[in-house]
Amino acid sequence: MKNNIFNVNTKKWLKAAAIRAVKTFAQTAVALIPAAAMITAVDWKTVLGTAALAAVASMLTSVAGLPEVGEE
């Protein structure tokens, strides 16, 4: 059976999925910052909102399976 949330250790899965989500959040935030000419011109609500949405999408995608979490 494919490695997914239903056949792995839940604590390991949550840890791995959270790490992926945090990395995705950071990558998205960093990618959006250069769109502004100066750091004071950054629309932080948009940056944080978009990064949060990317993190949620990462968590939902992780339900399908994480290669770093082996099956039990």
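Start by selecting V8, W13, A16, A17, L66 and V69: these 6 residues form the largest nonpolar core of this predicted model. In soluble globular proteins, nonpolar side chains tend to be buried together.

Keep A16 selected and show its surroundings. Leaving out residues up to four places away in sequence, A16 touches L66, E68 and V69. Of these, L66 and V69 belong to the core just selected.

Now color by secondary structure. The protein chain has 2 helices and 0 strands. Select residues 10–32 for helix α1, then residues 44–62 for helix α2.

Within helix α1, go to T28. Is T28 buried or exposed? The relative accessible area of T28 is 19%, and because the cut-off for buried is under 20%, T28 counts as buried. Beyond its neighbours within four places in sequence, T28 is in contact with T50, A51 and A54.

Cross to helix α2 and pick S58. S58 is buried as well, because its relative accessibility is 11% and buried means under 20%. Which residues does S58 contact, apart from neighbours within four places in sequence? They are R20, A21 and T24.

Finally, select the whole protein chain. Of its 72 residues, 26% count as buried. Turn on the surface: the chain exposes about 5100 Å², with 70% of that supplied by carbon and sulfur atoms. For a contact map, take residues at least 6 apart in sequence; 78% of the contacts between them join residues at least 24 apart.

Conventions: Residues numbered from 1 in each chain as written. Predicted model: local features only at pLDDT ≥ 70, side-chain atom pairs only at ≥ 80, totals over all residues. Heavy atoms only, no water. Helix = DSSP H or I, 4+ residues; strand = E, 2+ residues; numbered from the N terminus. Buried < 20%, exposed > 50% of the residue type's maximum accessible area, 1.4 Å probe, protein only. Contact = heavy atoms within 4.5 Å. Core = buried A, V, L, I, M, F, W, Y, C linked by side-chain atoms within 4.5 Å. Areas by Shrake-Rupley, 256 points an atom, 1.4 Å probe, with all protein chains shown as cover.
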